[in-house]
Amino acid sequence: MVFWGVQAASVLVLVVPFSWPLVGLWATSHFVRAVGLTLSFHRYFAHRAFEMSRGARFFWALVGTAAMQKGPLWWAGNHIDHHKYADHEGDPHSPKLSGFYHAHVGWFLHDARWKQVPGSNPVMRDFGHAPELRLLDEYYWAPPLALAVGLYLAGGLSWLVWGFVLPTTTLAHATFAINTVNHLWGSRRFHTRDDSTNNALTAFFAVGEGWHNNHHRYQRAARNGFYWWEFDVTYYVIVLMNWLGMAWHIQPVPARIYAEAEGHRAPPLGVTE
Ligand SMILES: [Zn+2]
Ligand SMILES: [Zn+2]
């Protein structure tokens, strides 16, 4: 299986020569594709947190698809089900309901989930008519394959390993950790009906997505870090695009949500008032 093959091949970093520029290649490949996933698959397709041009939309969807986590419509469709059921029956990946392994990777590799976009959500209605997006969803394996082949041709095995194999593995776990770590460990600012948490470590590796309790409280906002100290690289990219005239209708966090945040702090998980 391709997924496990790439994961296992990560050990090749131990045999190819080490250099700091190769670490830079890892970081570029991990973080740029992370922004593709979070900015387009998550905040745009699943949550409609801002608007962007069709060209910019395709660019970021292509970058996100190169992360090897299937296509934008499939990804966003499953994610909408996550919010709809959030740690209750029907959530595709809840560590509380189905255990850590299934919530982390099992659901992603599960045949029934893998083959279809859930029909109970608006992603297909809103975006299913765009041929370039249907194409990415259908041939989701092509962008990561092209990236892998391109890196190999450009720099041999060491570029393939540091620029594709290792960052694809770290990005998979950074993304999946939002579904597991962020429903198990961290702090809770808001009382939500799920177990979501805020966690600075996952926010770092998943470019802002680790402020997940904020996000479960108010999904529509373009930012998941609600305060300046909650770093959110994806949001900074959206703001930059806005300055450049490439993104607009940026959805803010409403004043009532800030008032709620400042009015009370939720007790730790499992503690009732
Ligand atoms: Zn969640
Ligand atoms: Zn979400």
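Just after helix 2 comes Arg-48, with a positive phi near 50°; helices here are DSSP runs (H or I, at least four residues), strands likewise (E, at least two), both numbered from the N terminus. This is a predicted model, in which local features need pLDDT of at least 70, side-chain atom pairs count only at pLDDT 80 or more, and totals for chains, interfaces and linings use all residues. Residues are numbered from 1 along each chain as its sequence is written, while chains are lettered from A and ligands numbered from 1 in the order in which they are written.

Most residues other than glycine have a negative phi. Two more exceptions turn up in loops. Val-207, not a glycine, has a positive phi of about 40° and sits between helix 11 (200-205) and helix 12 (212-217). His-249 also has a positive phi, near 50°, and lies between strand 2 (247-248) and helix 14 (255-263). Burial is judged from C-beta atoms placed from the backbone: 20 or more others within 10 Å make a residue buried, 12 or fewer exposed, and anything in between partly exposed. Val-207 counts as buried because it has 27 C-beta neighbours inside 10 Å, whereas His-249, with 11 other C-beta atoms within 10 Å, is exposed.

Helix 2 itself has 27 residues, which at 1.5 Å a residue should span 39 Å (the expected span is 1.5 Å times one less than the number of residues). Its end C-alpha atoms are 36 Å apart, in agreement with that figure.

How do helix 2 and helix 4 meet? Their axes come within 9 Å and cross at roughly 60°, with axes fitted to C-alpha atoms over the stretch in contact and angles running from 0 to 180 degrees between N-to-C directions. That makes helix 2 oblique to helix 4, oblique being whatever is left after under 35 degrees (roughly parallel), over 145 (roughly antiparallel) and 65 to 115 (roughly perpendicular). Ser-40, Phe-41, His-42, Phe-45 and Ala-46 of helix 2 make the contact with Pro-72, Trp-75, Ala-76, His-79 and Ile-80 of helix 4; a contact means C-beta atoms, placed from the backbone, within 7 Å.

Ala-76 reappears in the largest nonpolar core, of 51 residues, where Phe-50, Ala-76, Val-123 and Ala-206 touch the most other members. Such a core is a set of buried Ala, Val, Leu, Ile, Met, Phe, Trp, Tyr and Cys residues joined through C-beta atoms within 7 Å. Helix 10 gives the most, with twelve residues. Beyond four places in sequence, the contacts of Phe-50 include Tyr-44, Ile-238, Trp-248 and His-249.

Definitions and conventions:
Contact = placed C-beta atoms within 7 Å.
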